[in-house]
Amino acid sequence: MNARPGDIAPELSAQAVADTTAMATETTLLNPRFYTTDFDELDRIDVSSVRPEWDRLIAQMKSDPNKGHFKKTDAWDKVDWAGMDPALKVEFIDFLVSSCTAEFSGCVLYKEMKRRGNNPDICELFNYMARDEARHAGFINDALREAGVAVNLGFLTKAKKYTYFRPKFIYYATYLSEKIGYARYITIYRHLEANPEHRFHPIFKWFREWCNDEFSHGEAFALLMKTDPKLTTSTVNKLWIRFFLTAVYSTMWVRDHARPEFHNALGVDIDWYDQEVYRKTSAIARQIFPVELDIDHPRWIPGLNRMNRAFIAMDEAKRVGGIGGWARRMAAGAQAVAAFVSLYTIPVKTSTLPDSVRMEPVY
Ligand SMILES: [Fe+2]
Ligand SMILES: [Fe+2]
């Protein structure tokens, strides 16, 4: 059942696919982006300083523990899309499209690195990671097809704007997104394991094995960063890490708070869920990041809420349009910047990096 990226089931209406693909193609501050980087610099990485850990990780990826996982089995219960509450349906489809785009964004970046590289270590790693992300995106797209929509992944590759990041920014951002992906999937999985009456769609049953792929991908980026200690120890880079932590965490807050019906159906309090995901991600990130955001600081949640209000105001202003809308958008943008500065300047916790970077998923 697992489709290749770009496959479109014939029964889908062209309009439904076009609309969903347009959703995924849109570039906003909050939508998942596609990235490109200096692939030659990435190709020059020498992993010999982390060789034993590297070889173990690659061997594990090569063994492909999730080879047969992303297929619908009898555990895939029938979904009553027609009977789903319309508001929930809109948010859930939005969640699936955004997850599919994020998964596919990883696939595109990793595949490109594999295609352009000459370094056998790097090519092998990126080949396995692209394989996993293609499966993840394809599986979500399968779920979308049942709702009569799908993302045209082939089209997306060509139409979506690519954001250029220097390799070190790719490491910080991608490492974080892989570890956050793990923390998000496992937190939902464990919550639904304890509260199965809230499992309104079968895809959540697949999250446990799924998140282990994301965990391994994060491990790979931790090892890549470990090959160049400057990346995580120089003063400037620590400020960059702090920047990425703040940006990624606050984006997640705003995105999740835009889906109240979805979290309601899951029986999840969004504030609790996001804090829980930050807590797990921060605990894992101690393997490679010497700084950690203080998510229990009195300014943390108020700052995130301020950021959320600013984004809602920006959205409304965009709908209003005209000069009035433009002025309101500028004002809301300034509020978002102020909220970001307030979050960024919360004193961070620091730690010394462990000698061995590797970790196992324990949640
Ligand atoms: Fe993935
Ligand atoms: Fe991943």
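A nonpolar core, as I use the term, is a set of buried Ala, Val, Leu, Ile, Met, Phe, Trp, Tyr and Cys residues joined through C-beta atoms within 7 Å. Keep that in mind. The model here is predicted.

So, the core. The largest one has 87 residues. Those with the most contacts inside it are Leu96, Cys100, Leu144, Val151, Tyr185, Cys211 and Met307. Which helix gives the largest share of this core? Helix H7, residues 167–194, with 13 residues. And where does the core lie with respect to the two domains? Domain 1 (14–290) and domain 2 (294–350) both give residues to the core, so the core lies between them.

Let me take one of those well-connected residues. Cys211 touches Gly181, Tyr182, Tyr185, Ile186 and Tyr189, leaving out residues up to four places away in sequence. Tyr185 is itself on the list of residues with the most contacts inside the core.

Now the chain as a whole. It has 14 helices and four strands. Why call it compact? The radius of gyration is 20 Å, and the globule rule gives 21 Å for 363 residues; the two are close, so the chain is as compact as a globular protein of that length. Along the principal axes, the C-alpha atoms fill a box of roughly 55 × 45 × 40 Å. Of the 363 residues, 38% count as buried. Contacts next. Take those with a separation of 6 or more: residues 24 or more positions apart account for 81% of them.

On to the domains. The division is domain 1, 14–290, and domain 2, 294–350. Their C-alpha centres lie 25 Å apart. How many residues meet across the boundary? 12 residues of domain 1 are in contact with 10 residues of domain 2. On the domain 1 side, helix H10 (235–257) and helix H12 (270–285) each supply at least two residues. H10 gives the largest share of that side, seven residues. By class, the domain 1 side has five nonpolar, five polar and two charged residues.

A word on annotation. The unreviewed UniProt entry carries "domain: Rubrerythrin diiron-binding" over residues 94–224. In the model, that span is 79% helix and 2% strand. The C-alpha atoms at its ends lie 33 Å apart.

Now a quick tour of single residues.

Start with Ala24. Ala24 sits in helix H1, residues 14–25. Buried or exposed? Buried, with 23 other C-beta atoms within 10 Å. Leaving out residues up to four places away in sequence, Ala24 touches Val97, Cys100, Thr101, Val151 and Leu156. Cys100 and Val151 are among the residues with the most contacts inside the core. Ala24 and Ile170 are 146 residues apart along the chain, and their C-alpha atoms are separated by 21 Å.

Next, Pro167. Pro167 is in helix H7. With 20 C-beta neighbours inside 10 Å, Pro167 counts as buried. The cut-off for buried is 20 or more, so Pro167 sits right on it. Which residues does Pro167 contact, beyond its neighbours within four places in sequence? Thr37, Asp38, Glu41 and Leu42. Pro167 and Val291 are 124 residues apart in sequence and 20 Å apart in space, C-alpha to C-alpha.

Another proline, Pro298. Pro298 is in the loop between strand S3 (291–292) and helix H13 (300–320). Pro298 has 9 C-beta neighbours inside 10 Å and counts as exposed. Pro298 and Ile346 are 48 residues apart in sequence, yet their C-alpha atoms are 9.3 Å apart.

Then Trp272. Trp272 lies in helix H12. Why does Trp272 count as exposed? It has 12 C-beta neighbours inside 10 Å, and exposed means 12 or fewer. From Trp272 to Glu178 is 94 residues in sequence and 20 Å in space, C-alpha to C-alpha.

Last, Asp64. Asp64 is found in the loop between helix H3 (51–63) and helix H4 (86–116). With 13 other C-beta atoms within 10 Å, Asp64 is partly exposed. What about its backbone? Phi of Asp64 is near 50°, a positive value in a residue other than glycine. Most residues other than glycine have a negative phi.

To close, back to the core: 87 residues, with both domains contributing.

Technical notes
Residues numbered from 1 in each chain as written. Chains lettered and ligands numbered in written order. Predicted model: local features only at pLDDT ≥ 70, side-chain atom pairs only at ≥ 80, totals over all residues. UniProt positions renumbered as here; feature names shortened; annotations may be inferred. Domains from an automatic or database assignment. Contact = placed C-beta atoms within 7 Å. Nonpolar A, V, L, I, M, F, W, Y, C, P; charged D, E, K, R; others polar. Rg over C-alpha atoms; globule rule 2.2 N^0.38 Å.
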